[in-house]
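Reader: I've got this one up on my screen and I keep losing my way in it. Pick one buried spot, take me through it slowly, then work outward from there.

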Amino acid sequence: MNKQLEFVVRAAAIGTGATAVMDLWGLFLKRTFAITPFDYAWVGRWIGHFPRGRFAHANIAQAPRIRGETPIGWVAHYAIGIVFAALLMGVWGLDWARHPTLLPALVVGMSTVVAPFFVMQPAFGAGIAASKTPNPSTARLRGLMTHLSFGVGLYVAALLSALLFPV
């Protein structure tokens, strides 16, 4: 397999696996502590309003629904995970994916919290880093923990990828 194809395959596998770990973390929180997970339909609703020129909402939950918003949101969620995995490999190299170490995965995982804090939450009407929510500190902590789980998922998925596709 050439290096470009290997990069794409590994990024897809690692990003998908890491996003699944993050989703499993959310499921664990829901079943163990009754913490409602994030509704990815809101991401689909947000994206669905782009063609109409609407990029920010006072409250995404009250914005008009978009046909197919739930699958759009979930596909976007996993596509973003793949992009972040590709970013990790772009910075640390294909060799990192072949022989993963924990620190780069955690650095990238924790860095990804910038996207919801400074792009999505403000666009959804929640303010920068959830500043307009009823309990911003709790929302921020949950965001950090969720993205930490994504970082752990990057590492675990890379380990599995390295075992399944040795070079």
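Author: Let's start at Asp 23, which touches Tyr 40, Trp 74, His 77 and Tyr 78 once you skip residues up to four places away in sequence. Keep in mind that this is a predicted model. Asp 23 sits in helix 1, and it counts as buried because its relative accessibility is 16%, with the cut-off at under 20%. There's a long-range link here too: the C-alpha atoms of Asp 23 and Phe 150 are 8.7 Å apart, although 127 residues separate the two in sequence.

One of those contacts, His 77, takes us to helix 3, where it is listed among the buried residues together with Glu 69, Gly 73, Ala 76, Gly 81, Phe 84, Ala 85, Leu 88 and Met 89. This buried set packs against helix 1, helix 2, helix 4, helix 5, helix 6 and helix 7. As for its geometry, helix 3 has 24 residues and should span 34 Å at 1.5 Å a residue, so the 34 Å between its end C-alpha atoms agrees with that. Just past the end of helix 3, Gly 93 has a positive phi of about 90 degrees.

Now take Glu 69, one of the buried residues of helix 3. Its relative accessible area is 2%, so it is buried, and its side chain makes a salt bridge with Arg 45 at 2.6 Å, N to O. That pair ties together distant parts of the chain, with Glu 69 in helix 3 and Arg 45 in helix 2, 24 residues apart. Arg 45 is buried as well, at 4%. Glu 69 also pairs with Arg 65, this time at 3.3 Å, N to O; at 63% relative accessibility, Arg 65 is exposed. In general, side chains of opposite charge can pair when their charged atoms come close.

Back to Phe 150, the distant partner of Asp 23. Phe 150 is one of the buried residues of helix 7, a list that also includes His 147, Leu 154, Ala 157, Ala 158 and Ser 161. Helix 1, helix 3, helix 4, helix 5 and helix 6 are among what covers those buried residues. Helix 7 has 29 residues and runs 41 Å from first C-alpha to last, close to the expected 42 Å.

Phe 150 also turns up beside Thr 112, which is in contact with Phe 84, His 147 and Phe 150 when its neighbours within four places are left aside. Thr 112 belongs to the loop between helix 5 and helix 6, yet it is buried, at 3% relative accessible area.

What about the nonpolar interior? The largest nonpolar core has 26 residues, and Ile 14, Met 89, Trp 96, Phe 124 and Leu 154 have the most contacts inside it. Helix 3 contributes the most to this core, with 5 residues. Ile 14 shows how the pieces meet: it touches Ala 85, Met 89, Trp 96, Ala 97, Leu 154, Ala 157, Ala 158 and Ser 161, again without counting residues up to four places away. As a rule, nonpolar side chains tend to be buried together in soluble globular proteins.

Some nonpolar side chains end up on the surface, though. Met 1, Leu 5, Val 9, Val 152, Val 156, Leu 160, Leu 163, Leu 164 and Phe 165 form a nonpolar patch there, with about 860 Å² of accessible area together. Helix 1 and helix 7 each give two or more residues to it, and helix 7 gives the most, with 5. Phe 165 lies in the segment after helix 7 and is partly exposed, at 37%.

Two last oddities are in the loop between helix 6 and helix 7, where you'll find Ala 129 and Ala 130. Ala 129 has a positive phi near 50 degrees, and Ala 130 has one of about 60 degrees. They catch the eye because most residues other than glycine have a negative phi. Ala 129 is buried at 10%, and Ala 130 at 2%.

Key
Residues are numbered from 1 along each chain as its sequence is written. This is a predicted model: local features need pLDDT of at least 70, side-chain atom pairs count only at pLDDT 80 or more; totals for chains, interfaces and linings use all residues. Side-chain values use heavy atoms; hydrogens and water are left out. Patches are made of residues with over 30% relative accessible area and no salt bridge: like charges are joined within 9 Å, nonpolar side chains (Val, Leu, Ile, Met, Phe, Trp, Tyr) within 5 Å. Accessible areas come from the Shrake-Rupley method with a 1.4 Å probe; for residues, only the protein chains shown count as cover. A salt bridge is a side-chain nitrogen of Lys or Arg within 4 Å of a carboxyl oxygen of Asp or Glu. Helices (H or I, at least four residues) and strands (E, at least two) are DSSP runs, numbered from the N terminus. Buried means under 20% relative accessible area, exposed over 50%, partly exposed in between (1.4 Å probe, protein chains only). A nonpolar core is a set of buried Ala, Val, Leu, Ile, Met, Phe, Trp, Tyr and Cys residues joined through side-chain atoms within 4.5 Å. Contact means heavy atoms within 4.5 Å. The expected span of a helix is 1.5 Å times one less than its number of residues.
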